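Open the model in your viewer and keep the selection panel at hand. The stops below each give a selection to make and then say what is found there.

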Amino acid sequence: MNFIGNIIWLLFGGIIASIVWFLAGLILCVTIIGIPFGLQCFKIALFVLWPFGREIELGNFGAGGLIFNIIWLIVFGWELAIAHLVIGAVFCITIIGIPFGLQHFKFAQLGLLPFGARIH
């Protein structure tokens, strides 16, 4: 079922979302200060491309990861989390959309604290 979910995901917006995350990462990597944030965007782009059957493990970040997570949360994170929560809630209105809404709830977690998060 994960394979079928991922194929449907790709056909109905997964590729576009992944490309957008990848482009955001490229834009952030233009400056030296933005490189760590751009690398996190690349990590999220790969996760958005094939989300079904994969889980997020938050935490495991050191002092540097904590500082970067705070900066990310203030500048990018809360907007991304709210957007993914709203999109997930809209998907969960229908029975067919519930699995896709649950994926957006995972993206909201990753959008809040990407540094130190492990995707497996």
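Leaving aside its neighbours within four places in sequence, with which residues is Phe 52 in contact? Select Phe 52 and show what surrounds it: Asn 2, Gly 5, Asn 6, Trp 9, Pro 99, Phe 100 and Gln 103 are in contact with it, where contact means heavy atoms within 4.5 Å.

Before going further, some ground rules. This is a predicted model, in which local features need pLDDT of at least 70 and side-chain atom pairs count only at pLDDT 80 or more, while totals for chains, interfaces and linings use all residues. Residues are numbered from 1 along each chain as its sequence is written, and side-chain values use heavy atoms, with hydrogens and water left out.

**Stop 1: Phe 52 and Gln 103**

Stay on Phe 52, which sits in the loop between helix 2 and strand 1. Helices (H or I, at least four residues) and strands (E, at least two) are DSSP runs, numbered from the N terminus. Phe 52 counts as buried because its relative accessibility is 10%; buried means under 20% relative accessible area, exposed over 50%, and partly exposed in between (1.4 Å probe, protein chains only). For a distance check, pick the C-alpha atoms of Phe 52 and Ile 70: they are 28 Å apart in space and 18 residues apart in sequence.

Now select Gln 103, in helix 4. Gln 103 has a relative accessible area of 6%, so it is buried. Not counting residues up to four places away in sequence, Gln 103 touches Trp 9, Pro 51 and Phe 52. From Gln 103 to His 84, the C-alpha distance is 9.0 Å, with their positions 19 residues apart in sequence.

**Stop 2: helix 1 against helix 2**

Select helix 1 (2–28) and helix 2 (35–49). Their axes come within 7 Å and cross at roughly 170°; axes are lines fitted to C-alpha atoms, for helices over the stretch in contact, and angles run from 0 to 180 degrees between N-to-C directions. Helix 1 is therefore roughly antiparallel to helix 2. Angles under 35 degrees count as roughly parallel, over 145 as roughly antiparallel, 65 to 115 as roughly perpendicular and the rest as oblique.

To see the contact, show side chains including Trp 9, Ala 17 and Trp 21 in helix 1, and Phe 37, Cys 41 and Val 48 in helix 2. By class, this contact holds 17 nonpolar, 4 polar and no charged residues. Ala, Val, Leu, Ile, Met, Phe, Trp, Tyr, Cys and Pro count as nonpolar, Asp, Glu, Lys and Arg as charged, and the others, Gly among them, as polar.

**Stop 3: the other partners of helix 2**

Keep helix 2 and add helix 4 (98–112). The two axes come within 11 Å and cross at roughly 175°, so helix 2 is roughly antiparallel to helix 4. Ile 44, Phe 47 and Val 48 of helix 2 make the contact with Lys 106, Phe 107 and Leu 110 of helix 4. These residues divide into 5 nonpolar, no polar and 1 charged.

Swap helix 4 for helix 3 (63–91). What is the angle at which helix 2 and helix 3 pack? The angle is about 75°, with the axes 11 Å apart, so helix 2 is roughly perpendicular to helix 3. On the helix 2 side are Pro 36, Phe 37, Gln 40, Cys 41 and Ile 44, which meet Phe 68, Ile 71, Trp 72 and Phe 76 in helix 3. The contact has 8 nonpolar residues, 1 polar and no charged.

**Stop 4: Phe 76**

Select Phe 76, in helix 3. Is Phe 76 buried, exposed or partly exposed? With a relative accessible area of 26%, Phe 76 is partly exposed. Apart from neighbours within four places in sequence, its contacts are Leu 28, Phe 37 and Ile 71. The C-alpha atoms of Phe 76 and Phe 37 are separated by 9.7 Å.

**Stop 5: the loop before helix 3**

Select Asn 60, in the loop between strand 1 (56–57) and helix 3. Its phi is near 60°, a positive value in a residue other than glycine. Asn 60 counts as exposed because its relative accessibility is 51%. Gly 59 lies in the loop between strand 1 and helix 3 too, and touches Gly 116 and Ala 117, not counting residues up to four places away in sequence.
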